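This report walks through a protein structure for a reader who meets it here for the first time. Please keep the sequence and the model in view while reading.

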Amino acid sequence: VQVRTGDGYRGWPEQAPFDAIIVTAAPEKIPRPLIDQLTESGRLVIPVGPQESAQILQIFTKKDGELRLDSELPVRFVPMTGEARR
């Protein structure tokens, strides 16, 4: 397991690609760098949505370079800050 703290918007390109990425703060949309850093068939678990309301925890699998939604669940996470807010 590799763990990194800080602004997660751009992921961790120096250590990519990853078989799985788990995001613990909610951006309003999925950062493209995270998709790019997943291996084919990799999984992304990420809460997505505005900070003013409930977000959706989404679980994706990467297929042919794009994300395929596997499941989702309503949640409340802290907002992603840093570059995600620009």
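## Pairing within the sheet

In this predicted model, isoleucine 22 stands opposite valine 45 in strand S2, and alanine 20 has arginine 43 of S2 as its bridge partner. Strand S1, which covers residues 18–22, is joined to S2 (residues 38–48) by 4 bridges, and these two strands run parallel. The connection from S2 to strand S3 (residues 55–63) has 6 bridges and is antiparallel, with isoleucine 56 in S3 serving as the bridge partner of valine 48. S2 and S3 form a hairpin with 6 residues between them, and glycine 49, which lies in the turn, has a positive phi of about 145 degrees.

Taken as a whole, the sheet is open and consists of 4 strands in the order S1-S2-S3-S4, with mixed pairing. Because S1 and strand S4 (66–75) stand at the edges and each has a single partner strand, one side of each is left without a neighbour in the sheet. On average, neighbouring strands of this sheet are turned by 10 degrees against each other, when direction is ignored.

## The largest pocket

The largest pocket has a volume of about 630 Å³. It is lined by 22 residues, and those closest to its centre are Arg4, Gly8, Ile21, Ile22 and Val23. Strand S1 gives the most to this lining, with 4 residues. Sorted by character, the lining of the largest pocket comprises 12 nonpolar, 8 polar and 2 charged residues.

## Salt bridges

The model has a count of 4 salt bridges. One of them joins arginine 32 to aspartate 36, with the closest N and O atoms 2.9 Å apart; both residues lie in helix H1 (residues 32–36), 4 residues apart, which is about one turn of the helix. Arginine 32 also forms a salt bridge with glutamate 66, where the closest N and O atoms are 3.8 Å apart. Since arginine 32 belongs to helix H1 and glutamate 66 to strand S4, this pair ties together parts that are 34 residues apart in sequence. Arg32, Asp36 and Glu66 are thus linked in a network of salt bridges.

How exposed are the members of this network? Arginine 32 is partly exposed at a relative accessible area of 36%, aspartate 36 is partly exposed at 47%, and glutamate 66 is partly exposed at 45%. A further salt bridge links arginine 68 with aspartate 70, with the closest N and O atoms 2.8 Å apart. Arginine 68 is partly exposed, with a relative accessible area of 40%, and aspartate 70 is partly exposed as well, with 31%.

Note on methods:
Residues are numbered from 1 along each chain as its sequence is written. This is a predicted model: local features need pLDDT of at least 70, side-chain atom pairs count only at pLDDT 80 or more; totals for chains, interfaces and linings use all residues. Side-chain values use heavy atoms; hydrogens and water are left out. On a 1 Å grid over the protein atoms alone, a cavity is a set of points where a 1.4 Å probe fits but cannot get out, and a pocket is an open set with protein on both sides within 12 Å along at least five of seven lines; lining residues have an atom within 4 Å of a point. Grid points are joined across faces, edges and corners, and a volume is the space filled by probe spheres set on the points. Ala, Val, Leu, Ile, Met, Phe, Trp, Tyr, Cys and Pro count as nonpolar, Asp, Glu, Lys and Arg as charged, and the others, Gly among them, as polar. Two strands pair if DSSP finds at least two bridges between them. Axes are lines fitted to C-alpha atoms, for helices over the stretch in contact, and angles run from 0 to 180 degrees between N-to-C directions. A salt bridge is a side-chain nitrogen of Lys or Arg within 4 Å of a carboxyl oxygen of Asp or Glu. Buried means under 20% relative accessible area, exposed over 50%, partly exposed in between (1.4 Å probe, protein chains only).
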